[in-house]
Structure formats: C-alpha cells, structure tokens
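Subject: Structure for your review

Dear colleague,

Please find the sequence and the structure below. My account of what was found follows directly after them.

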Amino acid sequence: MSYPAYRVAAAHVAPVFLDLAKTVEKAVSLIEEASRNGAQLVAFPEAFVPAFPLWSALQAPIYAHEWFKRLAASSPGCPGPELDQIAAAARRLGVFVSLGFNELSPVSVGCLWNSNVLIGDDGAILNHHRKLVPTFFEKLTWANGDGAGLRVTDTRLGKLGMLICGENTNPLARYTLMAEGEQVHVSTYPPAWPTRDPRAGGNYDLAGAIRIRAGAHSFEAKAFNIVVSGFLDAAARETLATLSPDAGEILDATPRGISIVIGPTGEPVSGVMAGQEGILYADIDLAAGVEPKQFHDVVGYYNRFDIFHLTVDRSENRPIRFAGAGGEGPRGGAGAAPGDETARGDAMPGPGPTSGLER
C-alpha cells in the first residue's frame, strides 16, 4: 500500500456576497493560486457559493423573505454550468476540489440544501453530499439532506471524506466515514455562527467547538482533518448591518470560525487562520496515520462488531418515484449517478461515485 504525501489548501475566504457568477470566478482564481503554490487538494468553506445565511440569526423570519429569495436566485444546481466552471479548473490544473455551496432543487424554486461536492482532478464529481440536518436557525433556509453522500472516495491522494459543520459532532456520521477507511477528512464551517447577543455574554464559541470536533475526529479516525471556515469580509458585514440598528455590532462581537489542519494524533500540523482572508497550506504525509492505527483502531481490531451494528441508508430522497417501462421521468438532477436506479424507484445504489459533471 502506498502512502502519498502532498500539500493541501484550506481557502479561508469570503464569497462575493450573494453573487453567484463572481463567487464562482473567485473560486476558480483561488484554485489557480493554490495550484501555483503546490496544493493538490483545495477545500472551500461551508455554503461558500454564494453565502452563508447569517441573516436568519439576526432578524425574525417574517422579515427574511427577500433574503431567502436572493439566496435561491443565486444558488446553483448540481450538476450545472457554475459547477462545470469549477470542475474545468480542477481538470485543467490536475487538482482535487472540495466545494461548499447552496444547492437549488431541480424541481422546486424554493428548496435549498447545504451541499458539498468533491471534484476530482479529472473534473468529475466524485461525491455529492447534502447536510443531513440543518442546525438551529439554518432550518429556516435548508432542507434535510440524505445518506447518499456519506461516502469516502478512494483517490490517488488517499481515501477522502467530508462532513459539514455540525455533522462533525454526529458520532454515527463520523463513524460511517471512519468505517470506509477515511484517511483525509474535510470539515467545513461558516464565518460566524451567532446564537445570542454576544454583548450579554454566553455566545457560541465557534473556534473552540471546531478545535474539539476536529481534534476528536482526527484522533479517533487517525486521519488528517482539513478544517476550513468562511470569512466575513467588510462588504458582507456592511450589507448584513442594514438588518437592524444593532446587527453590525452583534456581528462584530460574535466569535469567528477558524481554519486549521489537524494530524492523525489530534494535534495541529499547520498554523491557524482566523482574522484575515487567505489560503492556509499544510504538507501532509498519510504514512503518519499508520502507527496510531497500530495503537487503537476503532474500525479494525479495537471494536466488537459482534455487539455493535451500524446500518446506513444511502438511498436518495426524491419527491416522486416512477415505476414501469417508460416511466423514469427526468434523470441527472440533484446528483443522480450513472447507473443509480433510485430515481426510478428500483434498488438502493451501492457504494461508488455519485455523479459526474456533463462536459
């Protein structure tokens, strides 16, 4: 077995707020920059395209309709032309890309998912994951995902997996990836996550939560963990400050997310990026996960599979299923894979790539 060593990049960056085309252009430019600096895997934050819906934490839902409408109008489909642009850059540069985005349903103008795709160095979508459960105020924006994307992808860089924000606290979701042999994990987070008025104290410490989650998963999985949080730039801050007289002050006092790379022992192998926008790099060597596995391998010898059993349903949730000859309906939307029969109500798909971009 080979243990590749290579450079990874965590793009601790802000989108061009609610601008789909310009955010995709920025993503392509950042992929090019990371590639010039030797990165083989480039990871973007949660909901990077085109924005994380912070407004849902800062005002009552009855005032947020126009914000949701703007977000829906600027959210790509999967597959779609915007992801095609990013995939083309990955293929041209020969790098892997993990991208967080708001995904618009192909059958609804008002249904969004918090999604992530892993794009291969050939431009193909290797995995398409939708966040299983939106957290707290996120429920005002996103629908529940499904288990179709709880996959680890075997690549020349090793076995790659990812989870979105709070999913990194879900022991069963994390164990699902561990049990597939995950060697490199990507954790994506927002730029900030307001839970109460921080001026009164007691707000959620996002950076502290990230360190606990990332270290725990790396230690248990004996895997590298690329943690990438978004960045709240001045333009987005000023736009969100118009929500209420104190919205800007609340944002300024809310703890920010951090980007960091954690090694298989649970210790950082990079610096920390927090207060400035940029790309964080780290050089990783997958051989570093072997000795820790020798000590304690929860998906190998250090478990009792005769006592504990985990079953994961990977079927894709669809609003309708057609049966019978000629009753398939449209295919290819929302991550349907070549050979994936769930779109027409047949057998549950087995492991493997979930979709491919049309090229």
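I begin with the peptide bonds and the backbone. Pro79 is located in the loop that runs between α3 (65–73) and α4. The bond leading into this residue, from Cys78 to Pro79, is a cis peptide bond with omega near 0°. Please bear in mind that the model is a predicted one, and that the values reported here are computed from it.

A cis peptide bond also links Val49 to Pro50, where omega is about -10°. Pro50 belongs to the loop between β2 (39–43) and α2 (55–58). Ala47 is likewise placed in the loop between β2 and α2. Although Ala47 is not a glycine, its phi is positive, at about 55°.

I turn next to the sheets. One open sheet consists of 6 strands, arranged in the order β5-β4-β3-β2-β1-β11, with mixed pairing. Its edges are taken by β5 and β11 (278–285); each has a single partner strand, so one side of each has no neighbour in the sheet. From one strand to the next, the twist averages 25°. At one end of this order, β1 (residues 5–12) pairs with β11 in the antiparallel sense, through 8 bridges. Within β11, the residue that stands opposite Ala11 is Ile279. Helix α4 (residues 81–93) lies across β3 (96–104) and β4, and runs at about 180° to β3.

Another open sheet has 5 strands in the order β6-β7-β8-β9-β10, and its pairing is also mixed. The edge strands here are β6 (153–155) and β10 (260–262), each of which pairs on one side only. On average, and with direction ignored, neighbouring strands of this sheet are turned by 25° against each other. Strands β7 (residues 158–164) and β8 (residues 184–189) run parallel and are joined by 5 bridges. Met162 has Val186 of β8 as its bridge partner. Two helices may be described together with this sheet. Helix α5 (residues 171–178) packs on the sheet and touches β7 and β8, its direction making about 165° with that of β7. Helix α6 (residues 206–221) also packs on the sheet, where it touches β8, β9 (224–229) and β10; its direction makes about 160° with that of β9.

The next topic is internal space. Rolling a probe the size of a water molecule over the atoms shows where empty space is left. The search gives 3 cavities of 30 Å³ or more.

The largest cavity holds about 120 Å³ of space. Its lining is made up of 17 residues, and those nearest its centre are Pro15, Ala51, Phe52, Pro191 and Phe231. What is the make-up of the lining of the largest cavity by class? It divides into 14 nonpolar, 1 polar and 2 charged residues.

The second largest cavity contains about 100 Å³ of space. It is lined by 14 residues, with Asn116, Leu118, Leu160, Gly161 and Met162 closest to its centre. Met162 is thus a residue to view in two settings: beside this cavity, and as the bridge partner of Val186. Which strands each supply at least two residues of this lining? They are β4 (112–119), β5 (125–130) and β7. By class, the lining of the second largest cavity has 6 nonpolar, 7 polar and 1 charged residues.

Finally, I come to the charged pairs. Over the whole structure, 18 salt bridges are found. One of them is formed by Arg156 and Asp121, whose closest N and O atoms are 2.6 Å apart. Arg156 sits in the loop between β6 and β7, whereas Asp121 sits in the loop between β4 and β5, so this pair ties together parts that are 35 residues apart in sequence.

With kind regards

Conventions. Residues are numbered from 1 along each chain as its sequence is written. This is a predicted model: local features need pLDDT of at least 70, side-chain atom pairs count only at pLDDT 80 or more; totals for chains, interfaces and linings use all residues. Side-chain values use heavy atoms; hydrogens and water are left out. Two strands pair if DSSP finds at least two bridges between them. Helices (H or I, at least four residues) and strands (E, at least two) are DSSP runs, numbered from the N terminus. Axes are lines fitted to C-alpha atoms, for helices over the stretch in contact, and angles run from 0 to 180 degrees between N-to-C directions. Contact means heavy atoms within 4.5 Å. On a 1 Å grid over the protein atoms alone, a cavity is a set of points where a 1.4 Å probe fits but cannot get out, and a pocket is an open set with protein on both sides within 12 Å along at least five of seven lines; lining residues have an atom within 4 Å of a point. Grid points are joined across faces, edges and corners, and a volume is the space filled by probe spheres set on the points. Ala, Val, Leu, Ile, Met, Phe, Trp, Tyr, Cys and Pro count as nonpolar, Asp, Glu, Lys and Arg as charged, and the others, Gly among them, as polar. A salt bridge is a side-chain nitrogen of Lys or Arg within 4 Å of a carboxyl oxygen of Asp or Glu.
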